[in-house]
Amino acid sequence: MKVASQLTFKMRGNTKPFGWHQDNGYGELDPCNAETALTALDDNDQQTGCLWDIPKPHRRGQIRPPKEQTVEGTAAQNELVVEADESDAIPMPLKAGQTLILHCWTLHKSEGNYSPDRERRGLFLRYADADAVEVYDNRKPRLGRLVEGSSRFAEVATFERDL
Ligand SMILES: O=C(O)CCC(=O)C(=O)O
């Protein structure tokens, strides 16, 4: 099921980079099979700040932010930049209409848009398992209703029963 949609515009002159991160760092899900599909709305490349990624994300698994970067047990809404060995990093330029699929553990980043005349717009759609639950602080589940299926978290099952 789709859990989030996000239109991202990195307009010419916006030279702010977005540091290395995993999408599962922003609201950690269990099970964590989530995928993000980024569809380019403009042709993009390194000059316009295309995404970079580091392949083979399963080798690293989830990288948790230090405690001081979280707020009330949840991942902070500000950028959660993680340390990355950039030696395997590759740019992922896209033509308008092409889609890049990122596993929720894939480390990715973008640089600024240094083009004098081109924008870099993209649509991010994030998909997760229907029984996915957000977890925080040592894998405590955030209480909420499942879209489908049953939860292996007793707290969530109790919450749903008491609704
Ligand atoms: O659009 C960008 O520059 C990066 C956004 C991104 O990686 C994300 O939202 O996960």
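Strand S12 (residues 133-136) and strand S13 pair in the antiparallel sense over 2 bridges, where two strands are taken to pair if DSSP finds at least two bridges between them. Within this pairing, Val135 has Pro141 of S13 as its bridge partner. Strands (E, at least two residues) and helices (H or I, at least four residues) are DSSP runs numbered from the N terminus. The model is a predicted one, in which local features need pLDDT of at least 70 and side-chain atom pairs count only at pLDDT 80 or more, while totals for chains, interfaces and linings use all residues. Residues are numbered from 1 along each chain as its sequence is written.

S12 and S13 belong to an open sheet of 3 strands in the order S3-S12-S13, with antiparallel pairing. S3 and strand S13 (140-141) stand at the edges and have a single partner strand each, so one side of each is left without a neighbour in the sheet. Strand S3 (29-30) is followed by a loop that leads to strand S4 (35-40) and holds Pro31. The peptide bond from Asp30 to Pro31 is cis, with omega near 0 degrees. By contrast, most peptide bonds are trans.

A further open sheet comprises 4 strands in the order S2-S10-S5-S8, and its pairing is antiparallel. Strand S2 (18-21) and strand S8 (90-92) occupy the edges with a single partner strand each, so one side of each lacks a neighbour in the sheet. From one strand to the next the twist averages 25 degrees, with axes being lines fitted to C-alpha atoms (for helices over the stretch in contact) and angles running from 0 to 180 degrees between N-to-C directions. Strand S5 (residues 51-54) pairs with strand S10 (residues 107-110) in the antiparallel sense through 4 bridges. Along this pairing, Ile54 stands opposite Leu107 of S10, and Leu51 stands opposite Ser110 of S10. S2 and S10 also run antiparallel and are joined by 2 bridges, with His21 opposite His108 in S10.

Two of these S10 residues, His108 and Ser110, recur in the surroundings of the ligand, which consist of Thr8, Lys10, Phe18, Asp23, His108, Ser110 and Phe124. A residue is assigned to such surroundings if its C-beta atom, placed from the backbone, lies within 6 Å of the molecule. Strand S1 (2-10) and S10 each supply at least two residues of this shell. The shell divides into 2 nonpolar, 3 polar and 2 charged residues; Ala, Val, Leu, Ile, Met, Phe, Trp, Tyr, Cys and Pro count as nonpolar, Asp, Glu, Lys and Arg as charged, and the others, Gly among them, as polar.

The largest nonpolar core has 7 residues, namely Leu38, Ala40, Cys50, Leu51, Trp52, Leu94 and Leu102. S4 and S5 are the elements that give two or more residues to this core. A second, separate core of 6 residues includes Ala34, Ala128, Ala132 and Val133. A nonpolar core is a set of buried Ala, Val, Leu, Ile, Met, Phe, Trp, Tyr and Cys residues joined through C-beta atoms within 7 Å. Neighbours within four places in sequence aside, Trp52 is in contact with Ala89, Ile90, Pro91, Met92, His108, Lys109 and Ser110, contact being defined by C-beta atoms, placed from the backbone, within 7 Å.

Arg120 lies in strand S11 (residues 120-127) and counts as buried because it has 26 C-beta neighbours inside 10 Å. A residue is buried if 20 or more other C-beta atoms lie within 10 Å of its own, exposed if 12 or fewer, and partly exposed in between, with C-beta atoms placed from the backbone. Beyond its neighbours within four places in sequence, Arg120 is in contact with Lys10, Asp42, Asn44, Thr48, Gly49, Cys50 and Asn113. Gln6, in strand S1, is exposed, with 11 other C-beta atoms within 10 Å. Gln6 and Leu125 are 119 residues apart in sequence and 6.5 Å apart in space, C-alpha to C-alpha.

Overall, the secondary structure of the protein comes to 1 helix and 13 strands. Of its 163 residues, 21% count as buried. Among contacts between residues at least 6 apart in sequence, 81% join residues at least 24 apart. The C-alpha atoms fill a box of roughly 55 × 30 × 25 Å, taken along the principal axes.

Methods. Contact = placed C-beta atoms within 7 Å.
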